[in-house]
Amino acid sequence: MAHLTTFYWGWLLGAALLGFGMGWISVVQRGEGVSPKLRWWLSALVAALIAAALARVVPGRFGYWLDLGLIMFALYLGGCTVGSLLRGWVVSRTSPPA
């Protein structure tokens with residue numbers, strides 16, 4: 001993991017900044033979103049991928065790509081969260097009182 005962060009720091013920073021930008025410009029969704037069943041399956045898929053990466057089940061180049069993809073995905077989601085929270089904070093501070 002240290003090699004990934006040392007060698008790909010620019011790409012990882014780019015993933016975090018892209019997530020921040022997407023979180024900042026996204027609007028609040030008022031729709032139904034993802035169904036609970038699909039949410040469970042997606043969570044199980046992500047958990048299985050994390051378990052495979054931690055157990056080093058996938059060898060060689062594909063394991064390397066799996067590790068890099070999971071790190072980039074985590075940084076992207078973290079950037080989305082921070083961007084969305086900061087935008088909500090800024091918008092709530094600048095809106096006139098009702």
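Is Asp67 buried or exposed, and at what relative accessibility? Asp67 counts as buried, because its relative accessibility is 10% and the cut-off for burial is under 20%. This residue returns later in the tour, which passes through a predicted model.

**The whole chain**

Begin with the entire protein chain in a cartoon view. Its secondary structure consists of 4 helices and 0 strands, and reading along the sequence gives the pattern α-α-α-α. The chain has 98 residues, of which buried residues make up 16%.

Next, display the surface of the chain. About 7,700 Å² is exposed, and carbon and sulfur atoms supply 73% of that area. The contacts may be considered at this stage as well. Among those in the chain with a separation of 6 or more, 76% are accounted for by residues 24 or more positions apart.

**The nonpolar patch**

Keep the surface on display and select Leu18, Met22, Trp24, Ile25, Val82, Leu86, Trp89 and Val90. Together these residues make a nonpolar surface patch of about 730 Å². Helix H2, which covers 9–25, supplies at least two residues of the patch, and so does H4. One of the patch residues, Leu18, has its place in helix H2.

**From Gly19 to Phe73**

Select Gly19 and Phe73 together. In sequence, the two are 54 residues apart, while in space their C-alpha atoms are 9.2 Å apart. Phe73 belongs to helix H4. Its relative accessibility is 41%, so Phe73 counts as partly exposed; that class lies between the 20% limit for buried and the 50% limit for exposed.

**Along helix H3**

Now select helix H3, residues 36–55. What distance does H3 reach from its first C-alpha to its last? H3 has 20 residues and reaches 28 Å, close to the 28 Å expected at 1.5 Å a residue.

Within this helix, select Ile50. Ile50 is partly exposed, because its relative accessible area of 39% falls between the limits of 20% and 50%. Add Asp67 to the selection: 17 residues separate it from Ile50 along the chain, and the distance between their C-alpha atoms is 8.5 Å.

**The loop after H3**

Move to the residue that follows H3, namely Arg56. Arg56 lies in the loop between helix H3 and helix H4, the latter running over 60–94. What is the sign of phi at Arg56? The angle is positive, at about 55°, although Arg56 is not a glycine. As a general matter, most residues other than glycine have a negative phi.

Is Arg56 buried or exposed? Its relative accessibility of 59% is the reason why Arg56 counts as exposed, the cut-off for that class being over 50%.

**The salt bridge**

Finally, show the side chains of Arg56 and Asp67. How many salt bridges does the structure hold? There is 1 salt bridge in the structure. The side chains that meet in a salt bridge are those of Arg56 and Asp67, at 3.4 Å from N to O. This pair links distant parts of the chain, with Arg56 in the loop between H3 and H4, Asp67 in helix H4, and their positions 11 residues apart. In general, side chains of opposite charge can pair when their charged atoms come close.

The side chains of Asp67 and Arg56 are also joined by a polar contact of 3.4 Å. With both residues on screen, their accessibility may be reviewed: Arg56 counts as exposed at 59%, whereas Asp67 counts as buried at 10%. The tour thus ends at the residue with which it began.

How values were computed. Residues are numbered from 1 along each chain as its sequence is written. This is a predicted model: local features need pLDDT of at least 70, side-chain atom pairs count only at pLDDT 80 or more; totals for chains, interfaces and linings use all residues. Side-chain values use heavy atoms; hydrogens and water are left out. The expected span of a helix is 1.5 Å times one less than its number of residues. Buried means under 20% relative accessible area, exposed over 50%, partly exposed in between (1.4 Å probe, protein chains only). Contact means heavy atoms within 4.5 Å. Accessible areas come from the Shrake-Rupley method with a 1.4 Å probe; for residues, only the protein chains shown count as cover. Patches are made of residues with over 30% relative accessible area and no salt bridge: like charges are joined within 9 Å, nonpolar side chains (Val, Leu, Ile, Met, Phe, Trp, Tyr) within 5 Å. A salt bridge is a side-chain nitrogen of Lys or Arg within 4 Å of a carboxyl oxygen of Asp or Glu. A polar contact is a pair of N or O atoms within 3.5 Å; within protein, one must be able to donate a hydrogen and the other to accept it, and residues adjacent in sequence count only if both atoms are side-chain atoms.
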